[in-house]
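Subject: Structure handover and findings

Hello,

Here is the structure I promised to pass on. Please open it alongside this message.

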Amino acid sequence: MKYFWLVLLSPSILFSATVISPPATFNLGLNQKGDASSINEQETPDSNNTINTTAGTMEKRQGSRLFISQAFSTEPFNSLYRAYGSTQSADVKKILLATTGTKIVFSTGGVNPFWTILSSGHPKNSHWEFQMMQNKVIMAEETLQSPLRNYNVVTGSNTLLLENFNSTESIRLRAKHILVASDQLLAANVVLDSTPSGLLNSATTYFNSRMYYSRLFQPSSFTYNRYLSFDEDDGEEITGVSVKDKVTHVWKSGKIFEVDYGNYGALETLPLGGTYVISTVVKGFGLFAPRSLATNGNYYIFTDKGGVRVWDGAKKTRLQVEQESRVVSDPIQPIIDRCINAGTWRDAVGFYYPQMGWYMLSIEDPNLNPHGKKNRILVLDMDTLSWFSFTNWDAEAFASWDGAGDLGELTYGSSSDG
């Protein structure tokens with residue numbers, strides 16, 4: 001006699017075999033150039049408020065808090081700058097400078113800081129550049145309607161940088177871009193005021209491709225003769241001035257210049273004498289959005305006309321051109337193209353955050369709200385060159401607290417409400 005046993009297996013048993021696979025890390029970040037099935041399995045077509053970790057995985061970013069809870073302004077905070085001043089007793093004074101509406105303000109120190117007005121009556125919601133020079137912050141305003149300003153961090157004095165004409169050769173100028181290099185102040189893309197009054201309605205002459213320079217530690221020593229010109233007839237204006245590895249670079253949207261001064265002291269006699277060489281080190285790309293320029297020490301990071309690029313300053317020995325300069329924004333190109341088509345790409349803001357090794361790119365994405373404001377943060381992890389997206393940050397300006405006693409915090413100014 002034969003016996004048959006009928007065994008019934010449920011689907012849950014039939015398919016209960018465990019498949020062991022590594023967790024989805026998405027450590028290569030955001031890639032919007034394809035759907036989920038066509039991109040790398042370690043990329044994601046969409047993300048929100050996540051970031052790479054040192055272990056190669058993805059985690060939710062940490063939160064943020066108000067630096068000062070004081071309800072100061074309904075206008076955006078358009079510029080931020082962390083300034084430091086030291087005294088002979090080695091005491092360090094630290095402030096946060098900001099611009100909002102028509103005002104320049106600074107934060108007081110202590111446990112409960114608050115905003116104090118430094119100056120007012122400036123062009124509304126314009127952006128400013130800042131440079132430290134011997135405990136003083138030199139300030140330049142982008143619309144060329146406000147004179148250069150001079151704020152002493154230690155004493156608290158606030159004056160115009162160029163108040164008097166000391167000689168017949170002295171000039172009063174306003175500048176879009178400033179830089180302190182080798183103890184000199186450089187001022188580029190300038191307006192010259194031809195009268196001692198300094199009033200905004202006085203006669204002015206605009207030189208968008210010139211850079212003026214001062215004598216050592218004497219910003220008031222700008223004269224008619226102390227300037228360098230950079231292809232004044234090419235139809236482009238100077239969009240930035242920077243220094244890296246002790247080399248000064250002057251930027252336009254389609255080219256980059258290198259300035260070798262030789263002996264800086266010889267600049268006093270230029271252009272009648274002295275030693276300097278202006279070299280065009282790049283043609284074909286340059287700085288398109290003036291406020292996007294940053295450096296991590298090894299590379300410049302900036303926006304060109306079509307994307308985000310890194311460039312090493314053409315001073316390192318490379319086996320391939322791609323190692324010297326490369327576009328790093330291919331995964332987020334659809335977002336960039338939207339900004340280019342909407343005309344918001346020129347207003348992109350970039351900042352290098354040393355504490356995390358991130359390049360922070362703040363943009364106005366026409367697909368997001370609010371319109372007319374920065375509404376999206378794209379973060380480039382400089383270690384992996386991976387992109388991540390932050391939302392609910394409407395950053396118009398950044399500052400990093402990297403001085404003595406600071407903890408490397410990142411501060412941003414809201415583009416919507418102060």
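Below are the notes on sheets, cores, salt bridges and the main pocket.

**Ground rules**

This is a predicted model, so local features need pLDDT of at least 70 and side-chain atom pairs count only at pLDDT 80 or more, while totals for chains, interfaces and linings use all residues. Residues are numbered from 1 along each chain as its sequence is written, and side-chain values use heavy atoms, with hydrogens and water left out.

Helices (H or I, at least four residues) and strands (E, at least two) are DSSP runs, numbered from the N terminus. Two strands pair if DSSP finds at least two bridges between them.

**Sheets**

Strands of a sheet pair through backbone hydrogen bonds, either parallel or antiparallel.

One open sheet has 4 strands in the order 17-18-19-20, with antiparallel pairing. Its edges are strand 17 (240-244) and strand 20 (277-283), and each pairs on one side only. From one strand to the next, the twist averages 25 degrees. (Axes are lines fitted to C-alpha atoms, for helices over the stretch in contact, and angles run from 0 to 180 degrees between N-to-C directions.) Inside this sheet, strand 18 (residues 247-251) and strand 19 (residues 255-260) are joined by 4 bridges. Val-250 stands opposite Phe-257 in strand 19.

Another open sheet of 4 strands runs in the order 21-22-23-24, also antiparallel. Strand 21 (294-295) and strand 24 (325-327) each have a single partner strand, so one side of each is left without a neighbour in the sheet. Strand 23 and strand 24 are joined by 3 bridges. Trp-311 has Ser-325 in strand 24 as its bridge partner.

**Strand 25 and its hairpin**

Look at strand 25 (residues 349-353). Here, 5 of its 5 residues are buried. Buried means under 20% relative accessible area, exposed over 50%, and partly exposed in between (1.4 Å probe, protein chains only). Val-349, Phe-351 and Tyr-353 cover one side of the strand, with Gly-350 and Tyr-352 on the other. Strand 25 runs antiparallel to strand 26, and 5 bridges join them. Gly-350 has Leu-361 in strand 26 as its bridge partner. The hairpin of these strands has 4 residues between them, and Gly-357 takes a positive phi near 70 degrees there.

**Nonpolar cores**

In soluble globular proteins, nonpolar side chains tend to be buried together. A nonpolar core here is a set of buried Ala, Val, Leu, Ile, Met, Phe, Trp, Tyr and Cys residues joined through side-chain atoms within 4.5 Å.

The largest core holds 21 residues. Val-308, Trp-345, Tyr-359, Leu-361, Ile-363 and Trp-387 touch the most other members. Strand 23 (308-311), helix 3 (333-342), strand 26 (358-363) and strand 27 (376-381) each give two or more residues to this core. Another core lies apart from it, with 17 residues, including Met-133, Ala-140, Ile-178 and Tyr-212.

**Salt bridges**

The whole structure has 14 salt bridges. The criterion is a side-chain nitrogen of Lys or Arg within 4 Å of a carboxyl oxygen of Asp or Glu. Three examples follow.

- Glu-75 pairs with Lys-124, with the closest N and O atoms 3.3 Å apart. The two residues sit in separate loops, 49 residues apart. Lys-124 is exposed, at 56% relative accessible area.
- Asp-231 pairs with Lys-255 at 3.1 Å between the closest N and O atoms. Asp-231 is in the loop between strand 16 (227-229) and strand 17, while Lys-255 is in strand 19, 24 residues apart. Asp-231 is partly exposed at 35%, whereas Lys-255 is buried at 11%. Both belong to a network of salt bridges with Asp-234 and Lys-252.
- Asp-304 pairs with Arg-309, and the closest N and O atoms are 3.0 Å apart. Asp-304 is buried at 8% relative accessible area. Arg-309 is also buried, at 14%.

**Largest pocket**

How much space lies in the largest pocket? About 1600 Å³.

The search used a 1 Å grid over the protein atoms alone; a pocket is an open set of points where a 1.4 Å probe fits, with protein on both sides within 12 Å along at least five of seven lines, and lining residues have an atom within 4 Å of a point. Grid points are joined across faces, edges and corners, and the volume is the space filled by probe spheres set on the points.

The lining has 50 residues, and the closest to the pocket centre are Glu-129, Arg-291, Leu-293, Gly-350 and Phe-351. Strand 5 gives the most to the lining, with 6 residues. Other strands supply at least two residues each, among them strand 13 (172-181), strand 25 and strand 29 (395-400).

Best wishes
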